[in-house]
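Look at the sequence and the model shown here. The paragraphs that follow go from the whole chain to its parts.

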Amino acid sequence: MNQPNNNKAHGSAITTFVGGIVILLAVLFLLVKLATSGYYSDVQESSQSATETRIMPAGSIAMGDGTPVGERTGEQIFNKICIQCHAADSLVPNSPKITHNNEWAPRIAQGLDMLFTHALNGFKAMPAKGGAADLTDDELKRAIVYMTNQSGGNFEAPAVGAASDAAATDASGAAAASDTAAAPAAAPVAVAGGADGKKVFEGLCMACHGADSAIPFSPKITHNADWTERLKQGKATLVKHAIEGFTNPKGGVMPPKGGNANLTDAEVEAAVVYMANQSGGNF
């Protein structure tokens, strides 16, 4: 007599169980949908911006001040790189400090091309391009011009901009070709009978050895007292120091050939003889 009632109760329990599972699955689906809703978007949104955003790397950074390589000014490069050694208050030894005109005078006398060559290839303790390998030639020149023109120089910096840079490169190439073609006419200064020491002095040595030079530890021409001990060493020793470079134990460094590698040994010797004979010597 109770069999129908038991079947009805069994069927009701199954229905309730299945319904509970369906409800649970529905709740889980809605929770997952809610949690991941930020990852879905309208497939119709395929603009260039949207596409670039979807395929971009996980992270991206902008280096420096965002100025493209090749278009940075001399001041920007100085403030980012050169300032470490060439700041007015830098403690790095043997590096000319910006606005310290006396430190730059002998370097400026060498000309922009020589300064660029030293900066490009490295010079003594200075690494090539100051350690910034991404600097273009024009950017390096701008940095040099910025520092020198703040320190008594008067050079012209390459213009900023792709077109200007290309024009500057073409001009440099033309100038190099012109210099090569005119090499015989641009031979080292000389006069009949040998090199002209006075002209070499006035073109280079004067910056450090001029009578009124502010460069410390360098003997000044006509200041006989500065030269007395040096003259005792003899002409051969003085010429050797001038050609090979010399570090004064009391301070100061004389670079080989005064920093101008284009000078011949004969020209260096003539300059030494000129200065020494103007200062109590008799070579």
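Two residues are in contact when heavy atoms of one lie within 4.5 Å of heavy atoms of the other. With that meaning in hand, take the contacts in the protein chain between residues at least 6 apart in sequence: 54% of them join residues at least 24 apart. The model is a predicted one. Its secondary structure comes to 11 helices and 4 strands. The protein chain has 283 residues, and 29% of them count as buried. About 18,000 Å² of the protein chain is exposed, and carbon and sulfur atoms supply 60% of that area.

Begin with helix 1, which covers residues 3-35 and includes I21. I21 is partly exposed, because its relative accessible area is 38% and the partly exposed class runs between 20% and 50%. I21 also belongs to a nonpolar patch on the surface. Other members of this patch include I14, F17, V18, L25, L28 and L31. Together the residues of the patch have about 1,000 Å² of accessible area. A general rule helps in reading helices such as this one. An α-helix has 3.6 residues a turn, so residues three or four places apart point the same way.

Now turn to the interior. The largest nonpolar core has 19 residues. Those that touch the most other members are I77, C82, L135, L140, I144, M147 and F155. Four elements give two or more residues to this core: helix 3 (74-86), helix 4 (101-108), helix 5 (112-121) and helix 6. Which of them gives the most? Helix 6 does, with 5 residues.

Helix 6 takes in residues 137-149. At 1.5 Å a residue, its 13 residues should span 18 Å, and its end C-alpha atoms are 18 Å apart, so the two values agree. Is helix 6 largely enclosed or largely open? It is largely enclosed by the rest of the structure, because 10 of its 13 residues are buried. Among the buried residues are L140, I144 and M147, as well as the charged-letter positions D138, E139, K141 and R142. L140 shows what such a position touches: leaving aside neighbours within four places in sequence, L140 is in contact with F116, A119, L120, K129 and L135.

Apart from the largest core lies another core, of 16 residues. I221, V239, A242 and A271 are among its members. A271 is also touched by C205, a residue of helix 8 (residues 197-209). C205 is buried, because its relative accessible area is 13% and buried means under 20%. Not counting residues up to four places away in sequence, C205 touches V200, G210, A271 and M275. C205 and M275 are 70 residues apart in sequence, and their C-alpha atoms are 9.1 Å apart in space.

Two loop residues remain. N94 is found in the loop between helix 3 and helix 4. Its phi is near 65°, a positive value in a residue other than glycine. Is N94 buried or exposed? N94 counts as exposed, because its relative accessibility is 65%. T222 lies in the loop between helix 8 and helix 9 (224-233). T222 is not a glycine either, yet its phi is positive, at about 75°. With a relative accessible area of 45%, T222 is partly exposed.

Key: Residues are numbered from 1 along each chain as its sequence is written. This is a predicted model: local features need pLDDT of at least 70, side-chain atom pairs count only at pLDDT 80 or more; totals for chains, interfaces and linings use all residues. Side-chain values use heavy atoms; hydrogens and water are left out. Patches are made of residues with over 30% relative accessible area and no salt bridge: like charges are joined within 9 Å, nonpolar side chains (Val, Leu, Ile, Met, Phe, Trp, Tyr) within 5 Å. Accessible areas come from the Shrake-Rupley method with a 1.4 Å probe; for residues, only the protein chains shown count as cover. A salt bridge is a side-chain nitrogen of Lys or Arg within 4 Å of a carboxyl oxygen of Asp or Glu. Buried means under 20% relative accessible area, exposed over 50%, partly exposed in between (1.4 Å probe, protein chains only). The expected span of a helix is 1.5 Å times one less than its number of residues. A nonpolar core is a set of buried Ala, Val, Leu, Ile, Met, Phe, Trp, Tyr and Cys residues joined through side-chain atoms within 4.5 Å.
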